[in-house]
Amino acid sequence: MSGTKPDILWAPHQVDRFVVCDSELSLYHVESTVNSELKAGSLRLSEDSAATLLSINSDTPYMKCVAWYLNYDPECLLAVGQANGRVVLTSLGQDHNSKFKDLIGKEFVPKHARQCNTLAWNPLDSNWLAAGLDKHRADFSVLIWDICSKYTPDIVPMEKVRLSAGENETTLLVTKPLYELGQNDACLSLCWLPRDQKLLLAGMHRNLAIFDLRNTSQKMFVNTKAVQGVTVDPYFHDRVASFYEGQVAIWDLRKFEKPVLTLTEQPKPLTKVAWCPTRTGLLATLTRDSNIIRLYDMQHTPTPIGDETEPTIIERSVQPCDNYIASFAWHPTSQNRMIVVTPNRTMSDFTVFERISLAWSPITSLMWACGRHLYECAEEENDNSLEKDIATKMRLRALSRYGLDTEQVWRNHILAGNEDPQLKSLWYTLHFMKQYTEDMDQKSPGNKGSLVYAGIKSIVKSSLGMVESSRHNWSGLDKQSDTQNLNEERILALQLCGWIKKGTDVDVGPFLNSLVQEGEWERAAAVALFNLDIRRAIQILNEGASSEKGDLNLNVVAMALSGYTDEKNSLWREMCSTLRLQLNNPYLCVMFAFLTSETGSYDGVLYENKVAVRDRVAFACKFLSDSQLNRYIEKLTNEMKEAGNLEGILLTGLTKDGVDLMESYVDRTGDVQTASYCMLQGSPLDVLKDERVQYWIENYRNLLDAWRFWHKRAEFDIHRSKLDPSSKPLAQVFVSCNFCGKSISYSCSTVPHQGRGFSQYGVSGSPTKSKVTSCPGCRKPLPRCALCLINMGTPVSSCPGGSKSDEKVDLSKDKKLAQFNNWFTWCHNCRHGGHAGHMLSWFRDHAECPVSACTCKCMQLDTTGNLVPAETVQP
Amino acid sequence: MELHILEHRVRVLSLARPGLWLYTHPLIKLLFLPRRSRCKFFSLTETPEDYTLMVDEEGFKELPPSEFLQVAEATWLVLNVSSHSGAAVQAAGVTKIARSVIAPLAEHHVSVLMLSTYQTDFILVREQDLSVVIHTLSQEFDIYREVGGEPVPVARDDSSNGFPRSQHGPSPTVHPIQSPQNRFCVLTLDPETLPAIATTLIDVLFYSYSAPKEAASGGTGPSSITFFAFSLIEGYISIVMDAETQKKFPSDLLLTSSSGELWRMVRIGGQPLGFGA
């Protein structure tokens, strides 16, 4: 306001008006220009607002500070602090209500003239005006004036002297302030504390002081340099900001000894610091010669925690205009809106855009907040064409106990939803591997069992170098097939492919029957054909054509098939080799490819990607020579690894190759669930030690925790520890006897049949029925349950106290000692406890400890205690 | 009561009137462009004998040495008494300071300089006397030393540590006094309006000297005495000048008490302070 640098303030109540003050006061009116043209004489403030000058007041020279009267009435009353320390009441506009007329022009004069630095209207008593003055040797620097006790001009207080000499208009001079504070000091900034009408915070010469007008001889103060621009957070009345040069200090009045934090120092001195009145914890700061306003967001840290921790703040900048900013003012009611004024009095009206915070819950719902709005991203329910996200799939699969069927391993693909052919292939592969490992182990223990899990690639490799079995190329459809000539490894490979059952039986008949049953006629026909049984193939196709779901065209295919001839240059061969490419079904296609193939060249079958890997591999095992087979398997393996195709597990097995393949699968899909369960099947091979596998497993566990599937997590851990005993966690909690100090579960571990899951957590009672209520070490009694008052170690009988009857049933349903209800449980704070079941039912209705004299809020100390596992709330 | 040892390190100089022309430029710079010189403590007092300058080290750099400029060897530290110690609000006027600060220091043979302004009183002590000052005054004052603008409490030294507390009463000293007839006013000024009175101020300070008129009759003192004091300390301006001189200034810019009180001077000794003979 020093003539060159304008200040700006919004009217506290008429929210479309503001005043710019430099050498004079100019009142503006803000209008929206969204639907209208800019009026003549209006100044554009932003894209959709403009200001019109309403009036100018130049009655008060040497203005140092201005404060707008806070009451509704009169609206345009302003207090102006002058360079000589006088405070003048002045008004803008036509609002000359006679009731307040004699307030206008009233002057409040200090004893000794010096600059008035700051003014502050009391927010509770609207007639109180505090003025902060520069230092004078013996005078006071904080003067509190009562502008008029009752608005009644008739009662003129004694101190008010009408001076007429030398002046034409009579001026009402007031020389006696209501309160005088801060003797022999300077006051640089002031603000009233909203807590009490009589508390005033002042930035004095070298300290911040809180004056209590109820006892003016007392004050609270703290020595500091940061005495400029004190301002109270409107949303948190104990938080105050002040500044000195480039540094802002944030104070907590309850802990006034030092700032709770200081903001990053700016290279240039600050000129204004203001809390946003419409948003909690947002502080705007402005430095000299700058075109940006820096914002500090402290909304998430309403209270300082502990002694030395500084609350986190988010700093950002806004640039409302290109010019340097002289001053700014937050709008009193519009959210985050402010107006800025530049030294040449151009103004700009803008709104600080709120930061958007985004939250993505573990169950894929998405929310974001902006300002006071909360948005939720809703998935469109009816849109089934889109594939579900893998996280959703994994969650549903976890709920359907996917991966946990260790007997009928293949069934896991049905648990997974029976929609992914790769998963189907994977679980069948794992099923066969498990089956034949057991089979092998029975036949020749410790021999080839591990080879099975190493995949067909290793199996085929192991047969290399052995005598090349006589391998005739297929030359006709004679049923004296050469399967008899297959060596043991190839038979094993065919078994893993699922073509033949275990045992020595090499007949594909049962497999064909199962395929036909599932309606896979084309595949069944192809497999029959590859086993050189063209008659059966035709028969299967006919069967398919006549069935309800089948395709009538299968008859046509069967017809074409029946025309097969050995003749190399026949018309049939020519037509089939060209027209087969138009067949949609890959199996029908490869059938003709096979029949029309040149001797020893089966690329049309082997590289038909739409045909299942297991069928192609089985085909290769039947028709390729050892070296050809090896090359083919090698090539296919690499292809599978690259693509992350789970069908390839058949080839790689659960080896390092398999982990590589799984890695690209996880990279592609993110499905750590399948990866974890699949790799666990491979135990006790080395793959489990692979850090990638451990990483998948840990991630899957974290995922289950994040979904609050704690029971699923526990199930997974149990499953895991069965397959990988090294992953079994060590006991983490022990119950020790009060008397001898030994673990009371010590003896449990010596009794093998007590159940691992029970003793492993070390919280069991003694297993021997005779002395369950005493320490197995010293035979002294175990502590009593705080609720039933019976010694621990006894089974929970019934629920004590007036609990609901259904809980009683619930608790006493199973009296087995290992039931969770019988477990020891206790509060880590007050050390009271008892039977887990009793405690659970107690804390369902109470927050406090059940022990009568204890006031410990045990349940509230447990942050997860009130969370409900998500499985129980699932539909 | 609190005693603040401020950060200024002040040199005291005496400028002989004939050498004034040599120093007009640096003095104007110190007066009107304090940001340029970064001088935060500047006081210029015109007496019948000389111009006395108190400037901090930044300001001292601006003044070239010459035969007209006498510089006191010591560096002086500035003390300021303030009374906002939370208890009852007390005035800390010169009398109070004389009793509680100057007299105890005199007992310990510590010389002080005193500078009063419109805003407050400063007591200047030699830097080498600081330990004695702290020891002497720590009984009565909470002493703070300003470091980087922040007051840091100075540890109270309760042991006598070789400085026996003076037991004998104040020793009386007799000084000749004189009281000239002219009246003075104590004023201040908004630093932003300083340019508005710059020409008048330059005129009064540098171009209006006239030899003092001797008293017509042998009264208690001369009819008037040349005295003009200007200080610019930490941004605050304080001026003490003859009421007649004040008439040269525009009336609306200089600020003083609403009562418009005027002061008489009582001159003690009349000898230059520690300089010259």
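Mentor: Before we start, a sorting rule: Ala, Val, Leu, Ile, Met, Phe, Trp, Tyr, Cys and Pro count as nonpolar, Asp, Glu, Lys and Arg as charged, and the others, Gly among them, as polar. What you see is a predicted model, where local features need pLDDT of at least 70, side-chain atom pairs count only at pLDDT 80 or more, and totals for chains, interfaces and linings use all residues. Residues are numbered from 1 along each chain as its sequence is written, chains are lettered from A and ligands numbered from 1 in the order in which they are written, and side-chain values use heavy atoms, leaving out hydrogens and water.

Trainee: OK, holes then. What is the volume of the largest cavity?

Mentor: Rolling a probe the size of a water molecule over the atoms shows where empty space is left. Here a cavity is a set of points, on a 1 Å grid over the protein atoms alone, where a 1.4 Å probe fits but cannot get out; lining residues have an atom within 4 Å of a point. There are nine cavities of 30 Å³ or more, and the largest has about 110 Å³ (the space filled by probe spheres set on the points, which are joined across faces, edges and corners). Its lining has 13 residues, with T120(B), F122(B), I233(B), E234(B) and Y236(B) nearest the centre. By class, that lining has four nonpolar, six polar and three charged residues.

Trainee: At what angle do helices α9 and α10 of chain A pack?

Mentor: Two packed helices are described by the angle between their axes and the distance between the axes. For α9 (521–530) and α10 (534–546) of chain A, that's about 170 degrees, with the axes 7 Å apart. So α9(A) is roughly antiparallel to α10(A) (over 145 degrees; under 35 is roughly parallel). On the α9(A) side the contact (heavy atoms within 4.5 Å) includes W521(A) and L529(A), and on the α10(A) side I534(A) and R536(A) are among the residues touching. The contact divides into nine nonpolar, one polar and two charged residues.

Trainee: And which residues join α11(A) and α13(A)?

Mentor: The axes of α11 (553–562) and α13 (586–596) of chain A come within 12 Å and cross at roughly 5 degrees, so the two are roughly parallel. L554(A), V557(A), A560(A) and L561(A) meet L588(A), M591(A), F592(A) and L595(A). That contact has eight nonpolar, no polar and no charged residues.

Trainee: What is the strand order in the sheet that holds β24(A)?

Mentor: Strands of a sheet pair through backbone hydrogen bonds, either parallel or antiparallel. This open sheet runs β24-β25-β26-β27 in chain A, with antiparallel pairing. β24 (270–275) and β27 (314–318) of chain A are the edges with a single partner strand each, so one side of each lacks a neighbour in the sheet. The twist averages 20 degrees from one strand to the next. β26 (293–297) of chain A pairs with β27(A) over five bridges (two strands pair with at least two), and Y296(A) has E315(A) as its bridge partner.

Terms used:
Axes fitted to C-alpha atoms, helices over the stretch in contact; angles between N-to-C directions. Helix = DSSP H or I, 4+ residues; strand = E, 2+ residues; numbered from the N terminus. Parallel < 35°, antiparallel > 145°, perpendicular 65-115°, else oblique. 1 Å grid on protein atoms, 1.4 Å probe; cavity = no way out; pocket = protein on both sides within 12 Å on 5 of 7 lines; lining within 4 Å.
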